[in-house]
Amino acid sequence: MKSFAAAASVLLLRGVAGVEARSAVTPVQKVVELLENMMSKGKQEKHEEQVQFAAYKQFCDDTTTDKKRAIKEAEETIEVLKADIQKYTSDAAELTKDIAGHDEDIATWTGDTKAANNVREIEKTDYQALHKDYSESVDALMRAVAVLKKQAHDRPQAASLAQLKTLRLIPAEAKRAIDLFLLQGSQDPEGLEVSAPEAAGYEFQSHGVIEMLEKLHDKFVDERTALEKAEMNSKHAHEMLIQDLTAQTEQATADRGEKSETKAKKLQAKADAQGDLSDTTSTKEADEKYLSDLVATCEQKASDFESRQQLR
């Protein structure tokens, strides 16, 4: 509006100035020149403002685009980070259960190993005691049979047979037979004065005792051999059991260690993701505020620019 008024004034003054064309520079011409300068300056300023605003508007548009893109990328990153955190949490919880299971297995197998060793120690002790009894019985029977076969009707014979009565494995029936035999021997006169019938009877009874003792000897030797075989089998079974329990315990321990390490990595990854989530969320909020302020500022400057353009 101001430019139009200035232009009209210039035209009017130019008409007036035509009358005084031949004279020197008049006041009217000076006014015309001043108005023309004002018009030229106004156009120049308007143009410069348009150029300046165009650059500012380009800045607003570019920055708005960049910030919107950054906000969208941040939203996508936040969703991914939240999913990752949830997965890390779930994985860590599952690993915790697995580790607890391994701990339970290790404790069970450790207890089984201890119990198996205790049982084996008891079995070994029982075996050694019983084997000693068998060996002592076998040796005593061998000595007693040897003495009886010599027909030594004397104290050494009685001592050998009396020793058999003290052995735990000798059956009660055999002990009674030994008692009867010893009783008969104690009632006989001295060896050289024994009559022929009495000596024959003694020899007959001695033969029966020898046969009984030899059968016991063979029986104990067989039972001792069976005991040794059973001990060997028991020892082998124990070794195989301990080997299996040890292998299971070692494997469970290795698995537990591996899962504990994996759990630690999962928890560290979760902590890292939570840190990234916090940073990304803060950056996104800052970008949103910046964008909101920028849009408001750009809109205000655009409105001010339009108003000034209409006034020029």
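Lysine 301 lies over the face of tyrosine 56, at 5.6 Å from the ring centre. This is a predicted model. The contact is a good entry point, since tyrosine 56 has a second partner to follow.

That partner is phenylalanine 59. The structure has three aromatic pairs. One of them joins tyrosine 56 to phenylalanine 59, with 6.1 Å between the ring centres and 40° between the planes. The geometry is tilted. Both residues belong to helix α2, three residues apart, so about one helical turn separates them. Neither ring counts as buried, because the cut-off is under 20% relative accessible area. Tyrosine 56 is partly exposed at 21%. Phenylalanine 59 is also partly exposed, at 39%.

Now take another aromatic pair, tyrosine 134 with phenylalanine 220. Their ring centres are 5.8 Å apart. The planes meet at 70°, so this pair is edge-to-face. Tyrosine 134 sits in helix α2 and phenylalanine 220 in helix α5, so the pair ties together parts that are 86 residues apart in sequence. Are these two residues buried or exposed? Tyrosine 134 is buried, and phenylalanine 220 is buried too.

A lysine also lies over a ring at tyrosine 290. Here the residue is lysine 67, at 5.0 Å from the ring centre.

Next come the salt bridges. How many does the structure hold? The total is 16. Three of them are worth walking through.

Start within one helix. Arginine 69 pairs with aspartate 66, and their closest N and O atoms are 2.8 Å apart. Both residues lie in helix α2, which covers residues 27-149. They are three residues apart, about one turn of the helix. Arginine 69 is partly exposed, with a relative accessible area of 43%. Aspartate 66 is partly exposed as well, at 39%.

Then move to a salt bridge between helices. Lysine 266 and aspartate 91 meet through their side chains at 3.2 Å, N to O. Lysine 266 belongs to helix α5, residues 196-311, and aspartate 91 to helix α2. The pair therefore ties together parts that are 175 residues apart in sequence. The two ends fall into separate exposure classes, because buried means under 20% relative accessible area. Lysine 266 has 24% relative accessibility and counts as partly exposed. Aspartate 91 has 15% and is buried.

A further salt bridge links helix α2 with helix α5. Its partners are aspartate 103 and arginine 256, with the closest N and O atoms 2.3 Å apart. Aspartate 103 lies in helix α2 and arginine 256 in helix α5, so the contact ties together parts that are 153 residues apart in sequence. Both side chains can be placed by exposure. Aspartate 103 is partly exposed, with a relative accessible area of 32%. Arginine 256 is partly exposed too, at 29%.

Which residues are joined into one network by salt bridges that share partners? They are Lys87, Asp91 and Lys266. Two members of that network have appeared above: aspartate 91 and lysine 266, whose side chains meet in a salt bridge.

Put the contacts side by side along helix α2. Within the helix, arginine 69 and aspartate 66 are about one turn apart, and so are tyrosine 56 and phenylalanine 59. Towards helix α5, the links include aspartate 91 with lysine 266, aspartate 103 with arginine 256, and tyrosine 134 with phenylalanine 220.

Key: Residues numbered from 1 in each chain as written. Predicted model: local features only at pLDDT ≥ 70, side-chain atom pairs only at ≥ 80, totals over all residues. Heavy atoms only, no water. Salt bridge = Lys/Arg side-chain N within 4 Å of Asp/Glu carboxyl O. Helix = DSSP H or I, 4+ residues; strand = E, 2+ residues; numbered from the N terminus. Buried < 20%, exposed > 50% of the residue type's maximum accessible area, 1.4 Å probe, protein only. Phe/Tyr/Trp six-rings, centres within 6.5 Å; stacked < 30°, edge-to-face > 60°. Lys NZ or Arg CZ within 6 Å of the ring centre and 35° of its normal.
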